Amino acid sequence: MVSELGLGGHEYRRPLPTTLSKWGEIDMETFVATQPMRNEIVKRAIGAGINYFDVTHMEEVMSLGNALKSLGIEREKIYIAAMIVFPFRKMGENPRSKWADIIKGEMERILNTLHAKYIDVFNLHFPENNYSREKFSVFMSVVAEAREEGKVRWVGASSHEPRFLAELIRRHDCFDVIMVRYNYYLQEAKDVLFPLCRMMEIGVVTMKPFCWPYYGIPFIKFGPVEGEEGSPYAPAQLCLKWILKAPEVSTVVPSMNSLNELEENLDAISKEGKIDEKILCKYLKAATGPEAKEKLKKMMSDPNIDIRFFAERVLSEMEAS
Ligand SMILES: NC(=O)c1ccc[n+]([C@@H]2O[C@H](COP(=O)([O-])OP(=O)(O)OC[C@H]3O[C@@H](n4cnc5c(N)ncnc54)[C@H](OP(=O)(O)O)[C@@H]3O)[C@@H](O)[C@H]2O)c1
């Protein structure tokens with residue numbers, strides 16, 4: 001029931017330069033000023049049939065909530081996946097007696113900010129981070145209660161650790177949906193999780209389609225590469241098609257910061273053609289080979305603050321090694 005292409009929540013971030021230096025803190029003036037632009041993206045996405053919206057940080061929830069409200073979108077038209085960021089860490093910073101209230105309170109905050117009565121998929125964010133059996137059990141019982149009250153429809157998990165997530169699924173069979181990183185560089189989920197999800201009827205949402213092999217930098221920044229002119233797909237499109245080739249993947253949720261990106265990604269979904277994996281392989285080589293440093297140095301003057309930030313990080317890691 002979900003569209004193959006979903007909309008990732010981080011789309012709000014790139015045009016908001018203050019977010020990165022202080023993660024999670026935003027300049028409200030810029031946020032409000034850029035809301036109409038994000039509304040346009042949400043409007044076009046829904047108009048084109050996108051119905052799966054993932055939100056992580058509170059600003060993303062706020063952005064989507066504002067957009068849906070001002071566009072007058074009927075809640076039933078779309079699926080919203082939301083989460084509390086690092087819930088186990090938050091629980092761990094508080095006494096055991098407060099855990100359930102923390103989760104309930106954060107869930108209410110998300111619902112209020114979305115102007116919604118329910119969340120479709122409530123994801124357990126990073127279960128591998130600060131995990132304990134007790135925290136897991138409290139978290140799941142609060143979510144089960146919310147489900148009975150009609151505040152949550154399905155329970156999911158968003159993880160960077162496919163093996164840990166697979167273990168949780170085997171032990172508890174507690175998730176309807178999972179969200180994992182899956183792209184040409186990070187393929188572990190395909191072996192470790194996809195067959196399990198298929199057998200156990202668990203939906204698979206994939207995140208981070210473009211930002212590989214380095215965090216925060218879309219692979220296309222390392223191109224162009226030889227052979228791509230002959231492909232029926234632009235590189236980003238090729239990457240989406242490659243991800244969606246896996247039959248277990250229900251939807252992929254890239255961040256899209258402009259209508260142009262959205263149109264290009266929508267176009268990928270609607271057309272058919274040869275998915276030339278060799279091109280993706282060449283991108284990977286370009287991003288990890290000797291010429292990568294020069295490209296990364298060039299990115300230091302990219303107008304996008306995220307790109308500058310992450311390129312600098314990768315360069316300093318390269319220098320160190
Ligand atoms: N729950 C979690 O822990 C968690 C963590 C990470 C991500 N996520 C989810 O996964 C989503 C995606 O992750 P992400 O934003 O980190 O990575 P991503 O989707 O792989 O990369 C997004 C970037 O790709 C570029 N892009 C998009 N469409 C393009 C196109 N057609 N052509 C060229 N470039 C294009 C944009 O960069 P430019 O600005 O350079 O154009 C955009 O910011 C997030 O929005 C979020 O919903 C969740």
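Leaving out neighbours up to four places along the chain, N51 is in contact with M1, V2, S3, K77, I78 and Y79. This is a predicted model, and N51 makes a handy way into it. Two of those contact partners, M1 and V2, turn up again by the centre of the second largest pocket, while Y79 belongs to a nonpolar core. Here is a short tour, grouped by topic.

**N51 and its surroundings**

- N51 sits in the loop that runs between α2 (28-47) and β1 (52-54).
- Is N51 buried or exposed? With a relative accessible area of 13%, N51 falls under the 20% cut-off, so N51 counts as buried.

**The second largest pocket**

- The volume of this pocket comes to about 250 Å³.
- Its lining is made up of 14 residues, and M1, V2, W154, V177 and G203 are the ones that lie nearest the centre.
- Elements giving two or more residues to that lining are β3 (119-125), β6 (203-207) and β7 (249-253).
- Which element gives the largest share of the lining? That is β6, with three residues.
- By character, the lining divides into nine nonpolar residues, three polar ones and two charged ones.

**The nonpolar cores**

- The largest nonpolar core holds 94 residues, and F175, I178 and L193 have the most contacts inside it.
- Setting aside residues up to four places away in sequence, I178 touches A157, L165, I169, L193, C197, I202, G203, V204 and V205. One of these, G203, is also among the residues nearest the centre of the second largest pocket.
- There is a second, separate core of ten residues, which includes Y79, A81, V121 and M207.

**Helix α7, with two faces**

- Helix α7 spans residues 162-172, and its buried residues are P162, L165, A166, L168 and I169.
- Why do these buried residues share a side of α7? They cover an arc of only 160 degrees around the axis, so they lie on the same side of the helix.
- Over on the other side of α7, R163 and R171 are exposed.
- The cover over the buried residues of α7 includes α6 (133-148), β4 (152-159), β5 (177-181), α8 (188-192) and α9 (194-199).
- Two of the buried residues, L165 and I169, are also on the list of residues that I178 touches, which links this helix to the topic of the core above.
- After α7 comes D173, which has a positive phi, near 40 degrees.

Note on methods. Residues numbered from 1 in each chain as written. Predicted model: local features only at pLDDT ≥ 70, side-chain atom pairs only at ≥ 80, totals over all residues. Heavy atoms only, no water. 1 Å grid on protein atoms, 1.4 Å probe; cavity = no way out; pocket = protein on both sides within 12 Å on 5 of 7 lines; lining within 4 Å. Points joined across faces, edges and corners; volume = space filled by probe spheres on them. Helix = DSSP H or I, 4+ residues; strand = E, 2+ residues; numbered from the N terminus. Nonpolar A, V, L, I, M, F, W, Y, C, P; charged D, E, K, R; others polar. Buried < 20%, exposed > 50% of the residue type's maximum accessible area, 1.4 Å probe, protein only. Contact = heavy atoms within 4.5 Å. Core = buried A, V, L, I, M, F, W, Y, C linked by side-chain atoms within 4.5 Å. Arc of directions from axis to C-beta.
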